[in-house]
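Work through the exercises below with the sequence and the 3D view open. Each task is followed by a worked solution.

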Amino acid sequence: MEDQSHPTGPATSPNDDPRWAELADLVLIISREIQFRGYTDERAIPLSPSEGMVMRHLQHDPAAPPSRIATATGLQRTNLSTVLRGLEQKGLIERRSDPGDGRGVTVHTTEHGRTNYALVRREWATAVSAAAGQDASHLDAALALLTAVEAGLVRARPQTRATRPAAGT
């Protein structure tokens, strides 16, 4: 059954389907709304978008060298250094000498960092679930689509930042 709520007419390519632009707009708006609302739990430590990307990466790569974090998050190394310093000052990460190469370092989340990340994820879940009226009927499809979009965008990420970042980033 075709979705008739967004008629597209005869699209010559997927780029001609205005629903993709609507999806992109909604993702940016939702992201901003989640960030804008802050946290109800006073223990939650707010993170900048860049800090959040680093903490998210470290959940899956718990002993990462800065070069791998920069590649995975798309952050420039100089910007990453600033982000790591801020996360260290907040007590959310620590840098340790790389046991394989004493000259290098690896970045690790602290227990406080893992606890904070779990706490803010619960807050996000509560806010998003409430906004959707706790209707999870399309949640699996939404997660599948957004996961595919995220993976595709990461795969297609330019190797250098020759282009200007999009507005609102």
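## Exercise 1: Asp41 and Arg43

Asp41 is placed in the loop between α1 and α2. Helices (H or I, at least four residues) and strands (E, at least two) are DSSP runs, numbered from the N terminus. This is a predicted model: local features need pLDDT of at least 70, side-chain atom pairs count only at pLDDT 80 or more, and totals for chains, interfaces and linings use all residues. Residues are numbered from 1 along each chain as its sequence is written, and side-chain values use heavy atoms, with hydrogens and water left out.

**Task.** Decide whether Asp41 is buried or exposed, do the same for Arg43, and find what each residue touches.

**Solution.**

Step 1. Apply the cut-offs: buried means under 20% relative accessible area, exposed over 50%, partly exposed in between (1.4 Å probe, protein chains only). Asp41 has 17% relative accessibility, so Asp41 counts as buried.

Step 2. Arg43 also sits in the loop between α1 and α2. Its relative accessible area is 56%, so Arg43 is exposed.

Step 3. Look between the two side chains. Arg43 makes a polar contact with Asp41 at 2.5 Å. A polar contact is a pair of N or O atoms within 3.5 Å; within protein, one must be able to donate a hydrogen and the other to accept it, and residues adjacent in sequence count only if both atoms are side-chain atoms.

Step 4. List the contacts (heavy atoms within 4.5 Å). Leave out residues up to four places away in sequence. Asp41 then touches Leu119 and Glu123. Arg43 touches Asn116 and Leu119.

Step 5. Check one distance. Arg43 and Asn116 are 73 residues apart in sequence, with their C-alpha atoms 7.8 Å apart.

## Exercise 2: Glu51 and its partners

**Task.** Which residue forms a salt bridge with Glu51, and which parts of the chain does the pair link?

**Solution.**

Step 1. Place Glu51: it lies in helix α2. Its relative accessibility is 9%, so Glu51 counts as buried.

Step 2. Search for a salt bridge (a side-chain nitrogen of Lys or Arg within 4 Å of a carboxyl oxygen of Asp or Glu). Lys90 qualifies, its closest N and O atoms with Glu51 being 2.8 Å apart. The pair links distant parts of the chain: Lys90 is in the loop between α4 and β1 (93-98), Glu51 is in helix α2, and they are 39 residues apart.

Step 3. Grade the partner. Lys90 has a relative accessible area of 31%, so Lys90 is partly exposed.

Step 4. Add the backbone. The Glu51 side chain also reaches the backbone nitrogen of Ser48, at 2.8 Å.

Step 5. Complete the surroundings. Beyond its neighbours within four places in sequence, Glu51 is in contact with Pro46, Val83, Gly86, Leu87 and Lys90.

## Exercise 3: A bridge within a helix

**Task.** The structure holds seven salt bridges. Where do Glu111 and Arg114 lie, and how far apart are their closest N and O atoms?

**Solution.**

Step 1. Glu111 and Arg114 are both in helix α5 (residues 111-131). They are three residues apart, about one turn of the helix.

Step 2. Their closest N and O atoms are 3.1 Å apart, in a salt bridge.

Step 3. Compare with the cut-offs. Glu111, with a relative accessible area of 52%, is exposed. Arg114, at 38%, is partly exposed.

## Exercise 4: The buried face of α3

**Task.** Which residues of helix α3 are buried, and what do they pack against?

**Solution.**

Step 1. Scan α3 (residues 66-73). Pro66, Ile69, Ala70 and Thr73 are buried there.

Step 2. Look down the axis of α3. The buried residues fall within an arc of 100°, so they line one face of the helix. The arc is that of the directions from the helix axis to the C-beta atoms.

Step 3. Find the packing partners. The buried residues of α3 pack against α2 (49-60), α4 (77-89) and β2 (101-109).

Step 4. Inspect what follows α3. Gly74 comes next, with a positive phi near 80°.

## Exercise 5: The whole chain

**Task.** How many helices and strands does the chain have, and what pattern do they follow?

**Solution.**

Step 1. Count six helices and two strands.

Step 2. Read along the sequence: the pattern is α-α-α-α-β-β-α-α.

Step 3. Finish with burial. Of the chain's 169 residues, 22% count as buried.
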